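Hi,

Here is the model I promised to send over. Have a look at it first, and then read my notes underneath.

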Amino acid sequence: MIGGDLDDAPLPAEVYVVWEELIAIPGPRHTLKRFGRLWLRRRAAAALDLYRTNDAAVRTLWDLWEDDQPVTVVTYLPPEVAAHLPARLEREGIPHVRLLVDQPLHIARTIAFLPGVARIVHSIPDHNLLYGPKGFLVPPDAPELIREILP
């Protein structure tokens with residue numbers, strides 16, 4: 001602290017939360033074939049609407065946000081579809097610092113070297129061992145388990 005103006009406390013590490021399967025659950029009309037067909041027809045917003053928001057997960061994200069835990073939303077959607085995601089995040093009031101569009105293998109390779117990332121929370125069982133010790137598997141029907149990562 002210099003003259004009471006600056007705080008030397010370190011910034012809290014971010015929590016990465018994967019949008020697919022946790023914040024957004026495939027709706028009843030979602031199939032890979034339908035999603036791919038909409039994407040190929042350049043109807044990315046309609047493809048994004050095949051997912052419904054998991055309100056319990058959003059409430060849990062607000063708990064993290066209120067405890068001063070920065071949240072980054074990660075998506076593995078194609079960039080054309082992910083371009084419509086910021087508007088949806090704002091419309092639905094999902095708290096986040098930033099949106100990261102990437103692929104699972106790239107994040108898995110780099111997450112160990114990112115000291116500013118505390119955890120990556122996901123609901124994809126195939127990615128359970130992919131993220132190493134920073135990975136945290138949470139079933140979409142029990143998003144309150146995300147609170148377990150709070151210090």
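Below is what I found, starting with the cores and then two buried polar residues.

It's a predicted model, so local features need pLDDT of at least 70 and side-chain atom pairs count only at pLDDT 80 or more, while totals for chains, interfaces and linings use all residues. Residues are numbered from 1 along each chain as its sequence is written, and side-chain values use heavy atoms, with hydrogens and water left out.

The largest nonpolar core has 25 residues, and Val 17, Trp 19, Ile 23 and Val 121 have the most contacts inside it. (A core here is a set of buried Ala, Val, Leu, Ile, Met, Phe, Trp, Tyr and Cys residues joined through side-chain atoms within 4.5 Å; buried is under 20% relative accessible area with a 1.4 Å probe, protein chains only.) Elements giving it two or more residues include strand E1 (14-18) and helix H2 (44-48), but helix H3 gives the most, with three. Helices (H or I, at least four residues) and strands (E, at least two) are DSSP runs, numbered from the N terminus. There's also a second, separate core of twelve residues, with Tyr 16 and Ile 107 among them.

Now Thr 75, in strand E4 (residues 71-75): its relative accessible area is 0%, so it's buried. Its side chain reaches the backbone nitrogen of Leu 77 at 3.2 Å. Beyond four places in sequence, its contacts (heavy atoms within 4.5 Å) include Trp 19, Ala 82 and Leu 99.

Arg 88 sits in helix H5 (residues 85-91) and counts as buried because its relative accessibility is 5%. Trp 19, Asp 49 and Tyr 51 are among its contacts, again leaving aside neighbours within four places.

Cheers

Notes:
Buried < 20%, exposed > 50% of the residue type's maximum accessible area, 1.4 Å probe, protein only. Polar contact = N/O pair within 3.5 Å; in protein donor to acceptor, adjacent residues only side chain to side chain.
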